[in-house]
There are 2 protein chains.
Amino acid sequence: MTSRRVTLVDIAERASVSVATVSRALSGDPQISAATRTRISQIAADLKYVPNVNARSLVLQSSATFGLMTPDVTDPIHGQVVTGFQQQADKHGYSVVLSNGFWDVDTERRALREFAAHRVAAVAVMGSVLSQTEVRRLLAPCPVLFIGSEHVPAGNADRDLPRGCLRPDDRDGMGQVVDHLIERGYRTIAYVSGSSGATQVIRRDALIAALAERDRPEPVVHQADDVDDGGLRIVASQICRTRPDAVVCYDDKTALFLIDELRAVGMTVPNDVGVVGFDDIPFARISNPRLTTVTQRSDDLGRSAVDFLLSSIDRGKLVASQLMPVTLIVRETTPGPGKGSHRKGIR
Amino acid sequence: MTSRRVTLVDIAERASVSVATVSRALSGDPQISAATRTRISQIAADLKYVPNVNARSLVLQSSATFGLMTPDVTDPIHGQVVTGFQQQADKHGYSVVLSNGFWDVDTERRALREFAAHRVAAVAVMGSVLSQTEVRRLLAPCPVLFIGSEHVPAGNADRDLPRGCLRPDDRDGMGQVVDHLIERGYRTIAYVSGSSGATQVIRRDALIAALAERDRPEPVVHQADDVDDGGLRIVASQICRTRPDAVVCYDDKTALFLIDELRAVGMTVPNDVGVVGFDDIPFARISNPRLTTVTQRSDDLGRSAVDFLLSSIDRGKLVASQLMPVTLIVRETTPGPGKGSHRKGIR
DNA sequence: GGCGTTTACGCAAACGTTTGCGCTAGACTG
DNA sequence: CAGTCTAGCGCAAACGTTTGCGTAAACGCC
C-alpha cells in the first residue's frame, strides 16, 4: 500500500516516449524499432513493472482467465483435474479462478455469477447440481464446458451427448470392469453409489447395460446418503446380508469408505466380497488391500478441458463433445471369489 | 459473444437517470431515495446486469480477490485449507485465484507475478520453495500471509515467528505425540520426512526437542526423496533393519505410503512398528489400520487465514503471527509395542 | 529534388466503474 | 418572504490499458 504501483506512464516518462509506444513495445509489436523496444523493456524491468490485467481486461472486453467450478477440491479426483487444468491454462498464459460448489445450489449460483463478473474467457464446470441450461444462462455469452459425466437421459449414456461436454468413457470402463469380474468368476454383482450428482446415474446405467449385454443378472443397487460420515454403514450391513460376490462402487472414495465399513461389520475384502472402484485416486494404490479401479488420467482430463475451451474461444463456439479413454487397473480387491488369501503371512 | 454485456449506462438509459445514480443505487448508497433505488434494482435484475469487477478494480485500485498459492491441491491437506479459505473468502465477498507452485521455483514466481498483475487485495501462500523475502518482494505492496509452517531458524521453532505467518502448533503436537508414545511404552523412535519444504524441518526439530525435554534418546531421521513414487522403499528397508519401536512421519501421506512400503518388506503395522502421521487427512481414519495422527482442523486454518488477511488489509499491515491449536487423535497404528493384535479375526 | 513509400512513433478514444463536488428544488426557519 | 438547509441527483474526472488513425521523418526511385 505504501508505494504506488508503476504503470505504463511511469515507463513512458522515463523513456521519453508515449504510453502507446510502451504498450506496443512490451507486447512485442513489430512496428516498434528493436532499439526502443529493448530500451523500454530494460526500463520496465528496472522499475519492476507488472501490468494491470484489470485495465487490460477492461479494454479487451475479456480477461485471460478461466473459471473452474468443482464440487469440492478436497476430493482427490477433482484435485487432479484442477491440477491438470491449472498447468495447461498457464502454459497458455491464462490464469484460473477456482470455486467450490459444495453441491449447494446457491453457492454454485454465486460462484457462476462471480465468473461472469470477472468476465472470464470461458468456464469449465465439473459435477454441478444445476441444470446445464441454467448454468449456460447464468454465464450468458461465455462458453461453458462440462467436465466429467453430465446428466443425459438414461439409456443413451454414450450417444446424443450435449455439446460442450468432456467426460471419461464410463461405459467402456464399466465394460472392462464387468469383463474382468466375469473372468475372475464373480457372478452376483452389486452397485453402490454416493449421494448426489449426475455422474453416478451414468455409471450405474453403464453397469446395468454392460451386464445386460453379457447376459448377466441385473445388479442390486445401493444408495448411500452421506459417504463421508457413516452413510455407508447401512449399505455395508445390507451387503452383509445379500452377500454379492462383488460390489462395484461409484468411485474410489466410496469404495474405500465402504471397505472400512465392511470391516466393521466383519466382512473381509477380498475374502468375503470383491470390490472395485472408479477414478484411481492416489490412495487407491496404497490402500490395504490395494484397490482394483479404473483410471481416467484425471490430469489429462483437466488439460484437455482447457484445450477444449481455447479452441472454442477462437472458433466462437464449442466444438463437439468428447469421451476420454479409460483403463482398468487390477489390484488386490478382486482376486476372484474365495481366492482372498490376500498377502497371507504378512497381515 | 453474441449479445453485448449489459452495463451501467444501459440501466441508466432505461431508468432515465445518470450512471452515477445507478452505481450508487446498486451499492446501497443512502443518498439515493428508496424509490429510485428499488426501481433501479428492478431494472438491473430485469436486464440481468452483472457488474464488471475489472472496471471496478481499476478505479478501486484493488480487486476484491485473494491470491492463494499452494504446492499442490491434490494433496488432501492443502485441499482442505483451500476449501476453508474459499468458504470464508466468499462469505466476505472476496473471490480467490488459485495457483499451484508444484514445488518449482519458476512456476511459483510466475504464479506470484500473476497475483500482482491481478492486483489482488492480499495473498496467502502455503509451503513455498521461495524465500519469504523474495515472495514479499515479488508481491510488492500487497500483504502476504504464510500458511502452514514457515522456515524459521532452527531452535526457536515456536518463538520469534516472522510476522504474517499462520501455522499449526507443531511443537505442541509433537509434544502430545511423544507423550502418547511414551505412555504406550514405545522407546526407540524414528522420524521420516518427505523431500522438500520447510515444514518438515520444523516438525523434525519439534520432535527432537520434545524427546530431549523428556530425556529420551534422539530419533533416527530418515529422508525420502519422492514420496509419491517409491521414495520410501529404501526408508522402509532401513527401518526394517534398525527396528525402531515407532516411527513418526512428516505427514499422513508419508505415513500411509510408508505403511504400504513396510508391508512390502514384510513388516506389519502396528505389530512390528508403530506409526503416527500428521494432519489427519480424510483417509487417515479409514486406512487399514487406521492412522494415529494429529489433527489441525485444516479448514479452520484456511478460514483463519482470510480473517488474517482481512484485518491486515484495513489495518494496513499484518497483525502478529499465530499458532493454531492441534490435537492428537489416537487410532490403531499405536497400540503399544507388541500389542498389535489389530482387529484379530476380522482381517 | 519532387514524389511515393515505409518506418517509427504520438494522439486520443474507449472499456465500465466509482466518487468528490456541484447543482436544483423543495422544506424549513426566523 | 428572504434566507438557509437538506435531500436527491448529475457532471466529469480518474483508474491503466489497447489500438485505429494520423503524421513526421527517413528512405528509395527516376
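Two residues are in contact if their C-beta atoms, placed from the backbone, lie within 7 Å. The views below show a predicted model.

**View 1. Helix α9 of chain A and its length.** Helix α9(A) covers residues 199-213. Its 15 residues should span 21 Å at 1.5 Å a residue, and the C-alpha atoms at its ends are 21 Å apart, which agrees. Just after α9(A), D215(A) adopts a positive phi of about 60°.

**View 2. The buried residues of α9(A) and their surroundings.** Buried positions in this helix are T199(A), Q200(A), I202(A), R203(A), R204(A), D205(A), A206(A), L207(A), A210(A) and L211(A). In chain A, these buried residues pack against the helix α8 (170-183) and against the strands β6 (189-193), β7 (220-223) and β8 (246-249).

**View 3. The side of chain A that touches chain B.** The contact draws 47 residues from chain A and 47 residues from chain B. At least two residues of the chain A side come from each of α4 (53-60), α5 (76-91), β2 (95-100), α6 (105-118) and α11 (252-264). Helix α5(A) provides the largest share, seven residues. By character, the chain A side divides into 20 nonpolar, 18 polar and nine charged residues.

**View 4. The relation between chains A and B.** A turn of 180° with a shift of 0.0 Å along the axis lays chain A on chain B with an RMSD of 0.1 Å. This is the relation of a two-fold axis. Of the interface residues of chain A, 100% are also interface residues in chain B, so the copies meet through the same surface.

How values were computed. Residues numbered from 1 in each chain as written. Chains lettered and ligands numbered in written order. Predicted model: local features only at pLDDT ≥ 70, side-chain atom pairs only at ≥ 80, totals over all residues. Helix = DSSP H or I, 4+ residues; strand = E, 2+ residues; numbered from the N terminus. Expected span 1.5 Å × (residues − 1). Buried ≥ 20, exposed ≤ 12 C-beta atoms within 10 Å, placed from the backbone. Least-squares fit on C-alpha atoms with pLDDT ≥ 70 in both. Nonpolar A, V, L, I, M, F, W, Y, C, P; charged D, E, K, R; others polar.
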